[in-house]
Amino acid sequence: RNVKNAAQRTGRAFAVSYDIAGTKIDNDSLDDLKADWMRLVDEEGMTSSGRYIRENGRPVLHIWGIGFKSVKVDDTQRLAGFIDWFQNSAPEKYRVFLVGGVPS
């Protein structure tokens with residue numbers, strides 16, 4: 001909320017980024033990320049701000065750490081479904097242009 005308000009006040013752009021590097025990703029943590037994104041959209045109105053960064057008409061969401069060896073994933077199919085949800089399966093208001101931070 002503070003970032004959104006500051007961006008609107010100063011004319012700067014902003015987007016949400018989650019950092020999952022160095023964590024263990026299980027079904028609960030994937031559900032928590034989705035729930036937090038829905039809360040930001042619904043309760044905080046993040047993507048309704050004209051200052052929120054968009055690409056191809058969709059709000060940009062960045063998840064840093066997908067693909068890192070330090071990120072332990074219990075279920076790669078579930079992770080693929082998580083990515084698909086953000087890009088294709090979620091209700092329209094939650095869909096994003098997803099940017100993944102991956103190792104080089």
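Which residue forms a salt bridge with Glu44, and how far apart are the closest N and O atoms? It's Arg39, and the closest N and O atoms sit 3.4 Å apart. Keep in mind that this is a predicted model, so every value here is computed from it. The chain has three helices and six strands, one nonpolar core of 24 residues that is its largest, and six salt bridges in the whole structure.

**Overall fold**

- Reading along the sequence, you get the pattern α-β-β-α-β-β-β-α-β.
- The radius of gyration is 14 Å, which agrees with the value near 13 Å that a compact globule of 104 residues would have.
- Along the principal axes, the C-alpha trace spans about 40 × 30 × 25 Å.
- Of the 104 residues in the chain, 36% are buried.
- The chain exposes about 6200 Å², and carbon and sulfur atoms supply 49% of that area.
- If you take contacts between residues at least 6 apart in sequence, 73% of them join residues at least 24 apart.

**The nonpolar core**

- Within the largest nonpolar core, the residues with the most contacts are Val16, Tyr18, Trp37, Leu61, Ile63, Phe82 and Phe86.
- Strand E1 (16–19), helix H2, strand E4 (58–64) and helix H3 each put at least two residues into this core.
- H2 is the top contributor to the core, giving five residues.
- Tyr18 has a long list of partners once residues up to four places away in sequence are set aside: Leu33, Asp36, Trp37, Leu40, Leu61, His62, Ile63 and Trp64.

**Val96, in a loop but covered**

- Val96 belongs to the loop between helix H3 (76–89) and strand E6 (97–101).
- Its relative accessible area is just 2%, so Val96 counts as buried.
- Not counting residues up to four places away, Val96 touches Trp37, Arg58, Pro59, Leu61, Phe86 and Gln87; Trp37, Leu61 and Phe86 are also among the core residues with the most contacts.
- Val96 and Glu55 are 41 residues apart along the chain, with 8.6 Å between their C-alpha atoms.

**Lys34, a charge without a partner**

- Lys34 is in helix H2 (residues 27–42).
- Lys34 is buried and has no salt bridge. The nearest side chain of opposite charge belongs to Asp31, at 4.7 Å, and the pair doesn't count because the cut-off for a salt bridge is 4 Å.
- Beyond its neighbours within four places in sequence, Lys34 is in contact with Phe82, Trp85 and Phe86.

**Glu44 and its network**

- Glu44 is found in the loop between H2 and strand E3 (54–55).
- Glu44 is at 15% relative accessibility, so it counts as buried, while its partner Arg39 is partly exposed at 31%.
- Leaving aside neighbours within four places, Glu44 is in contact with Arg1, Lys4 and Arg39.
- The Arg39 pairing isn't a stand-alone item: Arg1, Asp36, Arg39 and Glu44 are linked in a network of salt bridges. Asp36 also turns up among the contacts of Tyr18.

**Other salt bridges**

- Lys93 and Asp42 meet through their side chains in a salt bridge, at 2.9 Å from N to O.
- That pair links distant parts of the chain, with Lys93 in the loop between H3 and E6 and Asp42 in helix H2, 51 residues apart.
- Both ends of the pair are partly exposed: Lys93 has 49% relative accessibility and Asp42 has 42%.
- Arg95 forms a salt bridge with Glu92, with 3.2 Å between the closest N and O atoms.
- Glu92 has a relative accessible area of 53%, so it counts as exposed.

**Ala13, a loop contact**

- Ala13 is in the loop between helix H1 (2–10) and E1.
- With a relative accessible area of 49%, Ala13 is partly exposed.
- The C-alpha atoms of Ala13 and Arg51 are separated by 4.8 Å, although the two residues are 38 apart along the chain.
- Outside its neighbours within four places in sequence, Ala13 is in contact with Arg51 and Ile53.

Technical notes:
Residues numbered from 1 in each chain as written. Predicted model: local features only at pLDDT ≥ 70, side-chain atom pairs only at ≥ 80, totals over all residues. Heavy atoms only, no water. Helix = DSSP H or I, 4+ residues; strand = E, 2+ residues; numbered from the N terminus. Buried < 20%, exposed > 50% of the residue type's maximum accessible area, 1.4 Å probe, protein only. Lys, Arg positive; Asp, Glu negative; His and termini not counted. Contact = heavy atoms within 4.5 Å. Core = buried A, V, L, I, M, F, W, Y, C linked by side-chain atoms within 4.5 Å. Rg over C-alpha atoms; globule rule 2.2 N^0.38 Å. Areas by Shrake-Rupley, 256 points an atom, 1.4 Å probe, with all protein chains shown as cover.
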